[in-house]
Amino acid sequence: MNNFKFHARTDIRFGRDQIINLPGLLTAYGKNVLLVYGGGSIKKLGLYGQIIDLLKGFSIVELPGVEPNPRITSVREGVRLCKQHKIDVVLAVGGGSCIDAAKVIAGGAFYDGDPWDLVVDPSKIDEVLPIVTVLTLAATGSEMNGNAVISNMETKEKFGTGSPNFIPMASILDPTYLFTLPKTQTAAGTADIMSHVYEQYFQKDDEAYLSDCLCESILKTCIKYCPVALENPKDYEARSNLMWASTLALNGLVCAGKGGAWTCHPIEHELSAFYDITHGVGLAIVTPSWMRYILREKTLHKFCNYARNVWDFEGEDSMELATKGIDATENFFKECGIPMTLKEVAIEDKSIHDMAVATTNHNDMESCYVGLSTEDI
Ligand code: NZQ
Ligand code: ZN
């Protein structure tokens, strides 16, 4: 096992009606709140009204309209509001996009230049306003991690950035907020959770047995409960398990003692940068093909573990067993209703080469689990 640092500073309030804790969680940081949210789902949910009622004693400035695949233009507006209104704390209510935008806004509040600099170069992130989140979509893990992914549509760039100072101070996780998620977002969110696990499970370091077992449990949880949530969106047991899976998949827990570059995320970020597709859908498309492409002698043992421990398959022939696990992954995404080809999401052949070049230009793809060249991608 490699040495590691794991610092879980986020105050998690999980369960029904935990929103009542919001005023108490914010008070610690001040009265001037920037409320960051998306295109209106929190209003349909009734959450917006509830928050405004609960925060009567606070001064609230709003940044609505943060896009899925949040854009630097929204971040710039948020930074402007923070500076103008002397904001004390940034409150993000929504999915990963709102939370990610809130993080860069919170960093930008202390930065004199263009906040895009903080996306391109994380070393420029210094002081950050405290961030509190209310999560409404189980997917990214942004509610308990220091990452943010921001898009610049003008330059067709979508980059991840991050800082330990971006880790939210507190996050409210009420699974009933997931009841209104459309099937497409439920499925895409689950694919994202699973991909976070794959990126950390399939790594060169192979001695963190406990971390791998945790990975397998999260994958099994997604496979068990995503179909239940799709069938019955108000199934609390399914939603609560998916919500906690999202947080645990990317808060540093399952990569403890492991490490290494990711593969499918860098590729997907280019698909989204060029075509603005849903992150989890892009990942579901890329993942099974990636798995098949890197299946070889040196990865066989890991794919056999995956087939056995996650899918409960058995068999003597290792290649057959590993392939069964990969086929099951693809079928699972299909059965969840996710489009599984680039054509189905209107990605054209003519861009494939440019996106592959961008992937290798923006990332060190050679140090992934199995190193990939532009041609491989
Ligand atoms: O904008 P609103 O109206 O809120 O609607 C959203 C949005 O259209 C809707 N939605 C959210 N909660 C809902 C709901 N609709 C009904 N009921 C609810 N309860 O869902 C749509 C998608 O929301 P978004 O926040 O974009 O989804 P997600 O949480 O999947 O975030 C995706 C973004 O996160 C980045 C992705 O690249 C993408 O930009 N990622 C962030 C990571 C991180 N911070 O650690 C890691 C990930 O790998 C990922 O890259
Ligand atoms: Zn992701």
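These questions and answers walk through a predicted model.

User: Which residues of the largest nonpolar core touch the most other members?
Analyst: The largest nonpolar core holds 116 residues. Leu91 gives a taste of the packing: its contacts beyond four places in sequence are Leu26, Val33, Leu34, Leu35, Val36 and Val132. The residues that touch the most other members are Val36, Val90, Leu91 and Ile105.

User: Is Ile131 buried or exposed?
Analyst: Ile131 sits in strand E5, residues 131–135. Beyond four places in sequence, its contacts include Val90, Ala102, Pro168 and Met169. The cut-off for burial is 20 or more other C-beta atoms within 10 Å. Ile131 has 28 such atoms, so Ile131 is buried.

User: How many Å separate the C-alpha atoms of Ile131 and Glu297?
Analyst: Along the chain, these two residues are 166 residues apart. In space, their C-alpha atoms are separated by 46 Å.

User: Which helix gives the most residues to the shell around ligand 1?
Analyst: The shell has 35 residues, and Gly38, Pro68, Gly95, Gly96 and Ser97 come nearest to the ligand. By type, twelve are nonpolar, 21 polar and two charged. Several elements supply at least two residues each, among them helix H2, strand E6 and helix H11. With four residues, the one that gives the most is H5.

User: Where do the buried residues of helix H12 lie, seen down its axis?
Analyst: H12 covers residues 297–309 and reaches 19 Å from its first C-alpha to its last, close to the expected 18 Å. Its buried residues are Phe303, Cys304, Tyr306 and Ala307. Seen down the axis, they fall within an arc of 160°, so they line one face of the helix.

User: Which residues are exposed on the other side of H12?
Analyst: The buried residues of H12 have a cover that includes helix H13, residues 318–335. On the other side of H12, the exposed residues are Lys298 and His301.

User: What is the phi of Asn69?
Analyst: Most residues other than glycine have a negative phi. Asn69 lies in the loop between strand E3 and helix H4. Asn69 counts as buried because 21 C-beta neighbours lie inside 10 Å. Asn69 is not a glycine, yet its phi is positive, at about 60°.

User: Is Ala346 buried or exposed?
Analyst: Ala346 is found in the loop between H13 and helix H14. Ala346 also has a positive phi, about 65°, although it is not a glycine. A residue with 12 or fewer other C-beta atoms within 10 Å is exposed. Ala346 has 9, so Ala346 is exposed.

Definitions and conventions: Residues are numbered from 1 along each chain as its sequence is written. Chains are lettered from A and ligands numbered from 1 in the order in which they are written. This is a predicted model: local features need pLDDT of at least 70, side-chain atom pairs count only at pLDDT 80 or more; totals for chains, interfaces and linings use all residues. A nonpolar core is a set of buried Ala, Val, Leu, Ile, Met, Phe, Trp, Tyr and Cys residues joined through C-beta atoms within 7 Å. Two residues are in contact if their C-beta atoms, placed from the backbone, lie within 7 Å. A residue is near a molecule or strand if its C-beta atom, placed from the backbone, lies within 6 Å of it. Ala, Val, Leu, Ile, Met, Phe, Trp, Tyr, Cys and Pro count as nonpolar, Asp, Glu, Lys and Arg as charged, and the others, Gly among them, as polar. The expected span of a helix is 1.5 Å times one less than its number of residues. The arc is that of the directions from the helix axis to the C-beta atoms.
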